[in-house]
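Work through the exercises below with the model open beside you, and try each task before reading its solution.

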Amino acid sequence: MCAAGAEKTQAQWIAENEALRARLEEAEATLDAIRRGEVDAILVAGPAGDQIYTLTDADRIYRTLIEEMNEGALTVAGDGMILYANRRFADMVNAPLTSVIGGSLHRWIAPESQTALVALLSPHVQARRRTELTLAASSGAQIPVMLSASQLTVDSAADIYCVVVSDLSGPGGSGGAGC
């Protein structure tokens, strides 16, 4: 910094400009690396000092969010195979999570709602969609739900969907307790 009242010389302006340009290039390179998925941690300056956030931290927060939400959350292949399900969905269909994952979503959909499920998981309709249908729990209960689906872009697989299942049967739902 210059003393009060002193003017910066041309050399000082050039040096400051070069330092700022170097910081800008570093920031742009960091943003590009984040966009390309090449970064596994980021340093964030805050009022309590610098804090490092890693992908492990972000993954833990994401998993907690998905596992503790009031809705069922699924990752489903285009043929209906359940690749992932949270505990809430297993509670809705009154089944152990181990019998849900790897099984077919069609198993948990009432016969009169099968056509709606097939349409929901069709790659020929809009990217984000939703429909009301009925779950058929293992207890025999029929649960009205809203299924919302978004097609995921996964490098190695086509026709993978993120599905959120919202219980429409009223407060607390009929499939078990949420968070």
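**Exercise 1.** Determine whether Val-164 is buried, partly exposed or exposed, and place this residue in the fold.

Solution. Val-164 has a relative accessible area of 26%, and because buried means under 20% and exposed over 50%, with partly exposed in between (1.4 Å probe, protein chains only), Val-164 is classed as partly exposed. The next step is its position: Val-164 is found in strand 7, where strands (E, at least two residues) and helices (H or I, at least four) are DSSP runs numbered from the N terminus. Finally, consider its spatial relation to Gly-72, which is 92 residues away in sequence, although the two C-alpha atoms lie 5.6 Å apart.

The model is a predicted one, in which local features need pLDDT of at least 70 and side-chain atom pairs count only at pLDDT 80 or more, while totals for chains, interfaces and linings use all residues. Residues are numbered from 1 along each chain as its sequence is written, and side-chain values use heavy atoms, leaving out hydrogens and water.

**Exercise 2.** Describe the overall make-up of the chain: how many helices and strands are there, and in what order do they follow?

Solution. Counting the elements gives 5 helices and 7 strands. Reading them along the sequence, one obtains the pattern α-β-β-α-β-β-α-α-α-β-β-β. As for accessibility, 26% of the 179 residues of the chain count as buried.

**Exercise 3.** Analyse how strand 3 pairs with strand 4, and which residues stand opposite each other.

Solution. Begin with strand 3, residues 72-77, which is mostly covered, since 5 of its 6 residues are buried. Its pairing with strand 4 (residues 82-85) is antiparallel and runs over 3 bridges, where a pair requires that DSSP find at least two bridges. Two of the opposed residues can be followed from strand to strand: Thr-75 has Tyr-84 as its bridge partner, and Val-76 stands opposite Ile-82. The connection completes a hairpin with 4 residues between the strands, and in its turn Gly-80 has a positive phi of about 100°. Met-81 also belongs to the loop between strand 3 and strand 4; at 36% relative accessibility, Met-81 counts as partly exposed. The C-alpha atom of Met-81 is 8.1 Å from that of Ile-101, a residue 20 positions away along the chain.

**Exercise 4.** Explain what is notable in the backbone of Asn-94, and where this residue lies.

Solution. Most residues other than glycine have a negative phi. Asn-94, however, has a positive phi near 55°. Asn-94 sits in the loop between helix 3 (87-92) and helix 4 (97-100), where a relative accessible area of 45% makes this residue partly exposed.

**Exercise 5.** Identify which residues lie nearest the centre of the largest pocket, and which elements contribute to its lining.

Solution. A pocket is an open set of points on a 1 Å grid over the protein atoms alone, where a 1.4 Å probe fits, with protein on both sides within 12 Å along at least five of seven lines, and lining residues have an atom within 4 Å of a point. The lining of the largest pocket consists of 13 residues, and nearest its centre are Tyr-62, Ile-66, Ala-73, Thr-75 and Tyr-84. The elements giving two or more residues to this lining are helix 2 (55-68), strand 3 and strand 7 (157-167), and helix 2 supplies the largest share, 4 residues.
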